[in-house]
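Subject: The structure you asked to look at

Hi,

Here is the structure I said I would pass on. Have a look at it first, and my notes on what turned up follow underneath.

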Amino acid sequence: MTKPAGRKRFFLFGRRGVSRLRRKPIWRPAGLFAALPRGAGVALSIAYLCAWGAYGMVLSDRTEEVLNDTTAELGFRVAAVRITGQREIDEADVLDTLSIHSGQSLFFYDATAARERLQTIPWVEDVSVMKLYPGTLRVIIEERVPAALWQPTIDAPVVVVDSAGKVITDRLETRYSRLPRVVGQGAQLKVAEITSLLDDVPDLQKKVRASMLVSDRRWDLFLDNGVQVMLPEVDPEKAVTELEKTDKESGLLDRDITVVDLRLPDRLVVRLSDEARKARDELVTARNKALKKREQGA
């Protein structure tokens, strides 16, 4: 007996050929979850954990420390410090000022604050601190150049200053002995002025031990032999030029004098030493006695 054509066969307990015990349920998202993109659940879980982690860091007040350690472990630890430009400054002092602790992350190192600390070193004219990722800190230093020895008052200690009058150090060394010495309040700000004046008279400049600024208007020169040269306020260039010329012709500055006054434009005034004045007085007295005796004999 044959089966009728086009008749479908129905199975009450499932598809034919698959055991019911081996069948797998088919889970499908429904509702709002059906609209989420694939992988959104994983992302939300990570965000949830991160949020709780951040909340914990805030409560413990160790957020920066945790982030520093995390980024350091990821390869951004400060592994090298390159310092260039320093000649007078000890490299160890620079490293101490940078204050880089063990395990410091380059991400969380405050380069601006480090630069401000380095600028407090008297030798530093300018400095830049740069981060070179992943783990190098570069420091470029521009140092001040010693220009003169400055003594604010006669009794004050001598310090080294630069051309702008900034005090560099009070530690004097033999190599600074050739620097010009200036004395007086405000003299450190006029180093270029007196240096330029004396550069034009090199023979006189060799005899100058110190230059004193008087009333912030004019200069007095103190020579190695103790002679004081008082320069005028107006046209001191002409005065030192004439003085050098006179000294070459007559050896004025090597004579027994204490002061050469050049403040008057039409004359040069010389003050003798006590010994020279006494000898001169004795000579004048003897000459007068001889003249008087000659007049009485006549």
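Asp235 sits in the loop between strand E10 (228-230) and H7. Its phi is near 55°, a positive value in a residue that isn't glycine. Asp235 counts as partly exposed because its relative accessible area is 38%, and the band for that label runs between 20% and 50%. Please keep in mind that all of this comes from a predicted model.

Ser215 is another residue other than glycine with a positive phi, in this case near 50°. You'll find Ser215 in the loop between E8 and strand E9 (218-223). With a relative accessible area of 54%, Ser215 is exposed.

One more backbone detail while you're scrolling: the peptide bond from Tyr133 to Pro134 is cis, and its omega is near 20°. Pro134 belongs to the loop between strand E2 (124-132) and strand E3 (136-143).

Now for the overall picture. The chain has 298 residues, and 30% of them count as buried. It contains eight helices and twelve strands. Taking the contacts with a separation of 6 or more, 46% are between residues 24 or more positions apart. The accessible surface of the chain is about 21,400 Å², and carbon and sulfur atoms hold 55% of that.

Next, the pockets. The largest pocket has about 430 Å³ of space. It is lined by 19 residues, and Pro180, Arg181, Val208, Arg209 and Ala210 are the closest to its centre. Which parts of the fold supply at least two residues each to that lining? They are strand E4 (148-151), strand E7 (181-183), helix H5 (191-199) and strand E8 (208-214). E8 gives the most, with five residues. If you colour the lining by class, you should get eleven nonpolar, five polar and three charged residues.

The second largest pocket holds about 270 Å³. Its lining has 14 residues, and Ala239, Glu242, Leu262, Leu264 and Pro265 lie nearest the centre. Here the classes come out as eight nonpolar, one polar and five charged.

That leaves the charged pairs. As a reminder, side chains of opposite charge can pair when their charged atoms come close. How many salt bridges does the structure hold? The count is 15, and a few of them are worth finding on screen.

Start with Arg175 and Glu88, whose side chains meet in a salt bridge at 2.7 Å, N to O. This pair links distant parts of the chain, 87 residues apart: Arg175 is in the loop between strand E6 (167-169) and E7, while Glu88 is in the loop between strand E1 (80-84) and helix H3 (91-98). Are the two partners buried or exposed? Arg175 is partly exposed, at 47% relative accessible area, and Glu88 is also partly exposed, at 27%.

Then there is Glu173, which forms a salt bridge with Arg171; their closest N and O atoms are 3.7 Å apart. Arg171 is exposed, with a relative accessible area of 57%, whereas Glu173 is partly exposed, at 29%.

For a third example, look at Asp203 and Lys248, which meet in a salt bridge at 3.1 Å, N to O. Here too the pair links distant parts of the chain: Asp203 lies in helix H6 (residues 202-205) and Lys248 in helix H7 (residues 236-250), 45 residues apart. Asp203 is partly exposed, with a relative accessible area of 35%. Lys248, at 57%, is exposed.

Finally, go back to the earlier two pairs. Glu88, Arg171, Glu173 and Arg175 are joined into one network by salt bridges that share partners. So if you select those four residues together, the Arg175 and Glu88 pair and the Glu173 and Arg171 pair will show up as parts of that one network.

That's what I have for now. Send me a note once you've had a look.

Cheers

Definitions and conventions:
Residues are numbered from 1 along each chain as its sequence is written. This is a predicted model: local features need pLDDT of at least 70, side-chain atom pairs count only at pLDDT 80 or more; totals for chains, interfaces and linings use all residues. Side-chain values use heavy atoms; hydrogens and water are left out. On a 1 Å grid over the protein atoms alone, a cavity is a set of points where a 1.4 Å probe fits but cannot get out, and a pocket is an open set with protein on both sides within 12 Å along at least five of seven lines; lining residues have an atom within 4 Å of a point. Grid points are joined across faces, edges and corners, and a volume is the space filled by probe spheres set on the points. Helices (H or I, at least four residues) and strands (E, at least two) are DSSP runs, numbered from the N terminus. Ala, Val, Leu, Ile, Met, Phe, Trp, Tyr, Cys and Pro count as nonpolar, Asp, Glu, Lys and Arg as charged, and the others, Gly among them, as polar. Buried means under 20% relative accessible area, exposed over 50%, partly exposed in between (1.4 Å probe, protein chains only). Contact means heavy atoms within 4.5 Å. Accessible areas come from the Shrake-Rupley method with a 1.4 Å probe; for residues, only the protein chains shown count as cover.
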